[in-house]
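Work through the exercises below with the sequence and the structure at hand, and try each task before reading its solution.

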Amino acid sequence: LKRVRTTHAQGLGPRLLQKPTGRLRQVFRVLRYIVLAVVVGVVVIYNYCMRPAFLQPLIVDGFAKATNGRLEITVEKTSLFTGFQFRNIVVHAPAGFSEIPILRAGEINLLYNVFGFFRGKFGIHELSLKDTEVFLEQKNNIYNAAALAKPGKEKPEPEETPKTARPNDK
């Protein structure tokens, strides 16, 4: 044990500094391994989830659930840190319209650099649509692009309840 002198102005008087006990040292060692395991787990999950083969079906299914249309897409590059790159994008119109797709694009790029945020240079470096064709068709005063959107859920109107008088109200 080591004695440490303090002045009376600090009001602490002499005290003893102790090294961490064996139990505390063991807790810190276990904590260090837990943090390391969490970091490794996050990196493995990120690499698995950001694979084009994993994201492509999610994007297609999500588009089908959110709209009345159908999407064909090839995911080339995916990264939360640098951006996304898609090829051969085709958006098909809902049933009742012609088979000509609403949108056909050879390539769509959305590239950025998240790490530039720390240098004050965060921004989108490239947003490009290459070899893009848009075909709009109107049927019964509705465009095929507008027909992609699913109708919203109707909110039930709240029933008005009769107000009852409270004993303190006059």
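## Exercise 1: Aromatic pairs

A search across the whole structure, which is a predicted model, finds 4 aromatic pairs.

Task: Determine what kind of pair Y46 and F81 form, and which parts of the chain they tie together.

Solution. A pair of aromatic rings is described by the distance of the centres and the angle of the planes. For Y46 and F81, the centres are 5.5 Å apart and the planes stand at 50 degrees, and the pair is tilted. The reason for that label is that planes under 30 degrees apart count as stacked and those over 60 as edge-to-face, with the rest called tilted. The next step is to place the two residues: Y46 belongs to helix α1 (residues 22–49), whereas F81 sits in the loop between β3 (70–79) and β4 (83–92), so the pair ties together parts that are 35 residues apart in sequence. Finally, Y46 counts as partly exposed because its relative accessibility is 22%, and F81 counts as partly exposed because its value is 35%.

Task: Decide how F81 and F115 pair, and identify the cluster to which ring pairs link them.

Solution. F81 and F115 form a stacked pair, at 5.3 Å centre to centre and with 20 degrees between the planes. This pair links distant parts of the chain, 34 residues apart, since F81 is in the loop between β3 and β4 while F115 is in the loop between β5 (103–112) and β6 (124–134). F115, at 45% relative accessibility, counts as partly exposed. Putting the steps together, ring pairs link Y46, F81 and F115 into a cluster.

## Exercise 2: The sheet

Task: Give the order of the strands in the open sheet, and explain why β3 and β6 are its edges.

Solution. The open sheet is formed by 4 strands in the order β3-β4-β5-β6, with antiparallel pairing. β3 and β6 each have a single partner strand, so one side of each is left without a neighbour in the sheet, and these two stand at the edges. From one strand to the next, the twist averages 10 degrees. To look at one pairing in detail, take β5 and β6, which run antiparallel and are joined by 9 bridges; within β6, T132 is the bridge partner of A105. Helix α2 (residues 52–66) lies across β3 and β4, and runs at about 145 degrees to β3.

## Exercise 3: Positive phi and a buried asparagine

Task: Locate D131 and N141, and state whether each is buried or exposed.

Solution. D131 is in strand β6, and although D131 is not a glycine, its phi is positive, at about 55 degrees. With a relative accessibility of 67%, D131 counts as exposed because the cut-off for that class is over 50%. N141 lies in the loop between β7 (138–139) and β8, and has a positive phi near 60 degrees, again in a residue other than glycine. The relative accessible area of N141 is 70%, so N141 is exposed.

Task: Place N144, classify its accessibility and name residues that it touches.

Solution. N144 is found in the segment after β8 (142–143). Its relative accessibility is 1%, and N144 therefore counts as buried. Leaving aside residues up to four places away in sequence, N144 touches A93, P94, F97, I102, F135, L136 and E137.

Methods: Residues numbered from 1 in each chain as written. Predicted model: local features only at pLDDT ≥ 70, side-chain atom pairs only at ≥ 80, totals over all residues. Heavy atoms only, no water. Buried < 20%, exposed > 50% of the residue type's maximum accessible area, 1.4 Å probe, protein only. Contact = heavy atoms within 4.5 Å. Phe/Tyr/Trp six-rings, centres within 6.5 Å; stacked < 30°, edge-to-face > 60°. Pairing = 2+ DSSP bridges. Axes fitted to C-alpha atoms, helices over the stretch in contact; angles between N-to-C directions.
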